[in-house]
Amino acid sequence: MALKYFLTFAVVLSILCTAAVGAVVGGWQPIKNPNDRAVVEIAKFAVAEYNKKHKEEALVLVSVERGETKKEAAGTQYKLVLSIKNAAAPKWPPIKYLALVWDKPQEKLRELLQFYQITN
């Protein structure tokens with residue numbers, strides 16, 4: 001009888017541990033180096049895509065402040081906080097924007113999901 005309870009406990013514990021580890025692996029992870037070439041490339045893509053849709057504005061990337069990635073089976077999501085200047089007003093201070101980009105390098109596909117101004 002004790003062996004039956006022990007085995008049941010072991011199975012339940014195994015399931016719980018697997019679920020906990022899966023939640024951490026699939027979650028958002030901070031980007032350690034926002035100046036990494038690949039991260040800056042994603043940021044430049046986001047600004048270029050925004051500028052294509054909003055021709056009245058010409059935004060320029062100043063820097064990547066910080067960001068997070070979420071790796072999934074089909075690709076990687078990038079959530080970046082960008083410092084942006086308006087080319088029409090270069091003397092104004094930079095403004096912070098949030099960009100969410102979906103990157104699927106195996107399919108050579110990138111998509112700008114969100115791009116909006118956030119408070120400094």
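Start by selecting E41: with a relative accessible area of 36%, this residue is partly exposed. You're looking at a predicted model, so keep the confidence colouring handy for later.

**Stop 1: from E41 to R110**

Which residue forms a salt bridge with E41? Add R110 to your selection and you'll have the pair, with the closest N and O atoms 3.0 Å apart. Notice where the two sit: E41 belongs to helix α2 (residues 37-53), while R110 is in strand β5. They are 69 residues apart, so this pair links distant parts of the chain. R110 counts as partly exposed, since its relative accessibility is 28%.

Now bring in D103. R110 forms a salt bridge with this residue too, and here the closest N and O atoms are 3.1 Å apart. Is D103 buried or exposed? It counts as buried, because its relative accessibility is 10%. Keep E41, D103 and R110 on screen together: salt bridges with shared partners join them into one network.

**Stop 2: another charged pair**

Clear the selection and pick E65 and K96. Their side chains meet in a salt bridge, at 3.9 Å from N to O. E65 lies in strand β2 and K96 in strand β4 (residues 95-104), so the pair ties together parts that are 31 residues apart in sequence. E65 counts as partly exposed, at 34% relative accessibility. A search of the whole structure turns up 5 salt bridges, and you've now visited some of them.

**Stop 3: helix α2**

Select residues 37-53, which make up helix α2. How far apart are its end C-alpha atoms? The distance is 25 Å, and the 17 residues should span 24 Å at 1.5 Å a residue, so the two values agree.

Next, colour the buried residues of α2: V39, I42, A43, F45, A46, V47, E49, Y50 and N51. To see what covers them, show the strands as well; the cover includes β2, β3, β4 and β5.

**Stop 4: the sheet**

Switch to a cartoon view and look for the open sheet of 5 strands, in the order β1-β2-β3-β4-β5, with antiparallel pairing. The edge strands are β1 (29-30) and β5 (109-117), each of which pairs on one side only. As background, strands of a sheet pair through backbone hydrogen bonds, either parallel or antiparallel.

Walk across from the β1 edge:

- β1 and β2 (residues 59-72) are joined over 2 bridges in the antiparallel sense. Select P30 and you'll find that its bridge partner in β2 is E68.
- β2 and β3 pair, again antiparallel, over 12 bridges. They form a hairpin with 2 residues between them. Try T69, which stands opposite Y78 in β3.
- β3 and β4 pair in the antiparallel sense over 9 bridges. Stay on Y78 here, as its bridge partner in β4 is V101.

While you're there, select residues 75-86, strand β3. How many of its 12 residues are buried? The number is 9, so this strand is mostly covered.

**Stop 5: zoom out**

Show the whole protein. Its secondary structure comes to 2 helices and 5 strands, and from the N terminus on the elements run α-β-α-β-β-β-β. Of the 120 residues, 29% are buried. The protein exposes about 8300 Å², with carbon and sulfur atoms supplying 62% of that area. Among contacts with a separation of 6 or more, 47% are between residues 24 or more positions apart.

**Stop 6: how far to trust the picture**

Turn on the confidence colouring for the last stop. The mean pLDDT of the protein is 84, and 78% of its residues reach 70 or more. Where is confidence lowest? Go to helix α1 (residues 2-25), which has a mean of 45; at the other end of the scale, β1 has the highest, at 98.

Select residues 5-24 to see the stretch where pLDDT is below 50. Beyond near neighbours in sequence, this stretch has 1 contact in the model. Where pLDDT is low, the predicted coordinates should not be read in detail.

Terms used: Residues are numbered from 1 along each chain as its sequence is written. This is a predicted model: local features need pLDDT of at least 70, side-chain atom pairs count only at pLDDT 80 or more; totals for chains, interfaces and linings use all residues. Side-chain values use heavy atoms; hydrogens and water are left out. Two strands pair if DSSP finds at least two bridges between them. Helices (H or I, at least four residues) and strands (E, at least two) are DSSP runs, numbered from the N terminus. pLDDT is the predictor's confidence in each residue, from 0 to 100. Contact means heavy atoms within 4.5 Å. A salt bridge is a side-chain nitrogen of Lys or Arg within 4 Å of a carboxyl oxygen of Asp or Glu. Buried means under 20% relative accessible area, exposed over 50%, partly exposed in between (1.4 Å probe, protein chains only). Accessible areas come from the Shrake-Rupley method with a 1.4 Å probe; for residues, only the protein chains shown count as cover. The expected span of a helix is 1.5 Å times one less than its number of residues.
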